[in-house]
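User: I would like a close look at one part of this chain, with the surroundings added where they help. Please take it slowly and keep to what the model shows.

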Amino acid sequence: MSRTRTIDTPGNTGAAPQFLVTPETLDAVSPSGDRGGMVIGSDPTGKAVASSILRPQPTRMVTVGGLYLARQIALRAMATGAWVVVATGRPAAWKVLERAAGQTPDGKPVPLAQIRRLSPFDLPRASEDAPLLVIHDGGAVPQELFPPRAAWQTTMYVLPYLHPQVGSGTAANAADLVLLQRLPLNQAQLAQRIWFLQPPQVQQLTQLKDDTIIALGNMAWAPIQLVTREKEQAILGPIRRGD
């Protein structure tokens, strides 16, 4: 019997496919997915919690908090064989992905991770054999530079904090999956207005530990404890709320 719990997102079709990557990449990032989706962490009973982040529909997701969470998701996407393209104003913070991808036998960088400037550019074509995770690290009010228009393309918006404009029809507000780290009270109250949360949920958001997040998606409210494997920790450092 499976001990993996899956968070449904709209249009979730169930089992996620498996992808092939080089042994060097597998060794570097330590894959954390199964056929139910990408493992995010564990629930209060210790069961693995997964979500079909890479799937045959155009998908939007949001992380709110520090860079640790976003970079861990990027590493795990790479471990499934996905292309990861990061558009950011702080490229140095994302170089760990390029280093984790490693090199080909002839010494060239494995092109699984691309770090680019925060401006429009042509994306690789996403497919079932080569899904695409586009990471938009552009501040608290992101512009939709790379809307997910194709199957197997997921755009993840990395928000350092919640801004009132996020609740005013932005791409982030229309996300299929939202991952929230601990928020101060005023931020938690803003989250309440954006996602119609109940008072106990607002209180819970203000009391999350550094290694705990809340996943919102398709009527789901799921507390998740982040789990970092030894090789991931060597790349990212210990689990933390900040950057």
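Which residues does glutamine 153 touch, not counting residues up to four places away in sequence?

Analyst: The model is a predicted one, and what follows should be read with that in mind. Not counting residues up to four places away in sequence, glutamine 153 touches Gln57, Pro58, Thr59, Leu123, Ala126, Leu132, Val134, Phe146, Pro147 and Pro148. Glutamine 153 itself is placed in strand 9, and because its relative accessibility is 7%, which is under the 20% cut-off, it counts as buried.

One of the residues touched by glutamine 153 is Phe146, and this residue leads to the ring pairing in the chain. By the rule used here, the count comes to 1 aromatic pair. The rings of phenylalanine 121 and phenylalanine 146 have their centres 4.7 Å apart and their planes at 50°, so the pair is described as tilted; the angle falls between the limits of 30 degrees for stacked and 60 degrees for edge-to-face. Phenylalanine 121 lies in the loop between strand 7 (113-116) and strand 8 (132-137), while phenylalanine 146 lies in the loop between strand 8 and strand 9 (153-159), so the pair ties together parts that are 25 residues apart in sequence. Both phenylalanine 121 and phenylalanine 146 are buried. A charged residue also belongs to this picture, since arginine 116 lies over the face of phenylalanine 121, at 4.2 Å from the ring centre.

A second glutamine can be set beside glutamine 153. Glutamine 187 has its place in helix 4 (residues 185-195) and is buried, with a relative accessible area of 11%. Not counting residues up to four places away in sequence, glutamine 187 touches Tyr161 and Leu162, and its side chain reaches the backbone nitrogen of leucine 162 at 2.6 Å.

Helix 4 is also included in what covers the buried residues of helix 5, together with strand 10 (177-180), strand 11 (212-217) and strand 12 (220-226). The buried residues of helix 5 (residues 199-206) are Gln201, Val202 and Leu205. They cover an arc of only 105° around the axis, which puts them on the same side of helix 5, whereas on the other side of that helix Pro199 and Pro200 are exposed.

Following the chain onward from helix 5, aspartate 211 is found in the loop between helix 5 and strand 11. Not counting residues up to four places away in sequence, aspartate 211 touches Ile224, Gln225, Leu226 and Ile239, and its side chain makes a polar contact of 3.0 Å with the side chain of glutamine 225. Aspartate 211 and arginine 182 are 29 residues apart in sequence, and their C-alpha atoms are 9.4 Å apart in space.

For the wider setting, the chain has 6 helices and 12 strands, and buried residues make up 51% of its 243 residues. Among contacts between residues at least 6 apart in sequence, 66% join residues at least 24 apart. The chain exposes about 11200 Å², of which carbon and sulfur atoms supply 52%.

How values were computed. Residues numbered from 1 in each chain as written. Predicted model: local features only at pLDDT ≥ 70, side-chain atom pairs only at ≥ 80, totals over all residues. Heavy atoms only, no water. Helix = DSSP H or I, 4+ residues; strand = E, 2+ residues; numbered from the N terminus. Buried < 20%, exposed > 50% of the residue type's maximum accessible area, 1.4 Å probe, protein only. Polar contact = N/O pair within 3.5 Å; in protein donor to acceptor, adjacent residues only side chain to side chain. Contact = heavy atoms within 4.5 Å. Phe/Tyr/Trp six-rings, centres within 6.5 Å; stacked < 30°, edge-to-face > 60°. Lys NZ or Arg CZ within 6 Å of the ring centre and 35° of its normal. Areas by Shrake-Rupley, 256 points an atom, 1.4 Å probe, with all protein chains shown as cover. Arc of directions from axis to C-beta.
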